[in-house]
Amino acid sequence: MAAFLLVHGAWHGGWCWKKVVPLLRRSGAEVFAPTLSGMGERSHLTEQLDPAAIDLDLHIRDIVQVIEYEDLGQVILVGHAYAGMVITGVAEVCPERLAHLVYLNGVVPANGESMVDQLVAVRGAEFAAWVRGEIDRGEGFLPPPATKSDLGHRWGITDPADLEWMSAHVTPQPVAAMAGPVRTGNPEAASIPRSFVCGEEAGFQPVADRAHDAGWVVYHVNSGHDTMVTHPRELAEILLGIGSAF
């Protein structure tokens, strides 16, 4: 049976999959939702590490380590938002362990592209300029949304309980992770089947269109950016449908 490995996006942590994990486990599948270095419950590492070291390569290694130490195979690797960068990189390292890549409102980078290169298309020029400016100034971290209203607007969250939960858990995003390029070119990685899950209000339709043109299966959910928070059942059904092939 396939194992699900869920990778969170910027400012988030493994906690953001809390509603989805039990729905997947009911199928009998193994499910892992690790937190990337310097974020979520691992944000304490920012007190020990040079911010410049908390980069895309480290986050790729975080996930490769989970796969290797848990001895996983037939992995359905799911990447939300920024984690599209991460899962793309993981596929280059251990393609033989992966059965399917799922990009959930996730960026789909080409060789040599960084996260900041993706932002104009999905977040607009102003947001992209803010992030690029922080990179150019050598800042260590990007702050999370300052208020519940800002959080809800950015990620499509309206439920007061969800806003309270998320605002208590989001953490600063390492700037270096937004700046580093991903390197692709492994033919085995290129052959891994891929799907795209697009929240209708997430701003990722241009990415979904490119995925469709590339021959991927594209799923649509009537959600904002954080589909796993607002529409966990719909997302779990999609993932279990993908997993049923393995």
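**Exercise 1. Determine how the residues lining the largest pocket of this predicted model divide by class, and where in the chain they come from.**

*Solution.* Begin with the classes: the lining of the largest pocket has 4 nonpolar, 5 polar and 4 charged residues. Next, take the space itself, which comes to about 210 Å³ in the largest pocket. Of the 13 residues that line the largest pocket, those closest to its centre are Arg-123, Phe-127, His-153, Arg-154 and Trp-155. Then turn to the elements, where α4 (115-123) and α6 (148-155) are the ones that give two or more residues to this lining. The largest share, 4 residues, comes from α6.

**Exercise 2. Describe the second largest pocket by its space, its central residues and its classes.**

*Solution.* The second largest pocket holds about 150 Å³ of space. Its lining consists of 13 residues, and the closest to the centre are Thr-88, Val-108, Pro-109, Thr-184 and Arg-194. Two or more residues of that lining are given by each of the elements α3 (83-93) and α9 (187-190). Sorted by class, the lining of the second largest pocket divides into 7 nonpolar, 4 polar and 2 charged residues.

**Exercise 3. Work out whether helix α3 is largely enclosed or not, and find what its buried residues pack against.**

*Solution.* The step that decides the matter needs a cut-off, namely that a residue is buried when its relative accessible area is under 20%. In α3 the buried residues are Ala-83, Gly-84, Met-85, Val-86, Ile-87, Thr-88, Gly-89, Val-90, Ala-91 and Glu-92. Because 10 of the 11 residues of α3 are buried, the helix is largely enclosed by the rest of the structure. Its buried residues pack against helices α2 (56-69), α4 and α9, and also against strands β1, β3 (75-80) and β4 (98-104).

**Exercise 4. Trace the order of the strands in the open sheet, and explain why β2 and β8 each have one side without a neighbour.**

*Solution.* The open sheet has 6 strands, which pair in parallel and follow the order β2-β1-β3-β4-β7-β8. Since β2 (30-32) and β8 (217-221) stand at the edges, each has a single partner strand, and therefore one side of each is left without a neighbour in the sheet. From one strand to the next, the twist averages 20 degrees. At the β2 edge, 3 bridges join this strand to β1 (residues 3-7), the two running parallel, and Leu-5 stands opposite Phe-32 in β2. Finally, helix α10 (residues 205-213) packs on the sheet, where it touches β7 (194-199) and β8. The direction of α10 makes about 155 degrees with that of β7.

Terms used
Residues are numbered from 1 along each chain as its sequence is written. This is a predicted model: local features need pLDDT of at least 70, side-chain atom pairs count only at pLDDT 80 or more; totals for chains, interfaces and linings use all residues. Side-chain values use heavy atoms; hydrogens and water are left out. On a 1 Å grid over the protein atoms alone, a cavity is a set of points where a 1.4 Å probe fits but cannot get out, and a pocket is an open set with protein on both sides within 12 Å along at least five of seven lines; lining residues have an atom within 4 Å of a point. Grid points are joined across faces, edges and corners, and a volume is the space filled by probe spheres set on the points. Ala, Val, Leu, Ile, Met, Phe, Trp, Tyr, Cys and Pro count as nonpolar, Asp, Glu, Lys and Arg as charged, and the others, Gly among them, as polar. Two strands pair if DSSP finds at least two bridges between them. Axes are lines fitted to C-alpha atoms, for helices over the stretch in contact, and angles run from 0 to 180 degrees between N-to-C directions. Contact means heavy atoms within 4.5 Å. Buried means under 20% relative accessible area, exposed over 50%, partly exposed in between (1.4 Å probe, protein chains only).
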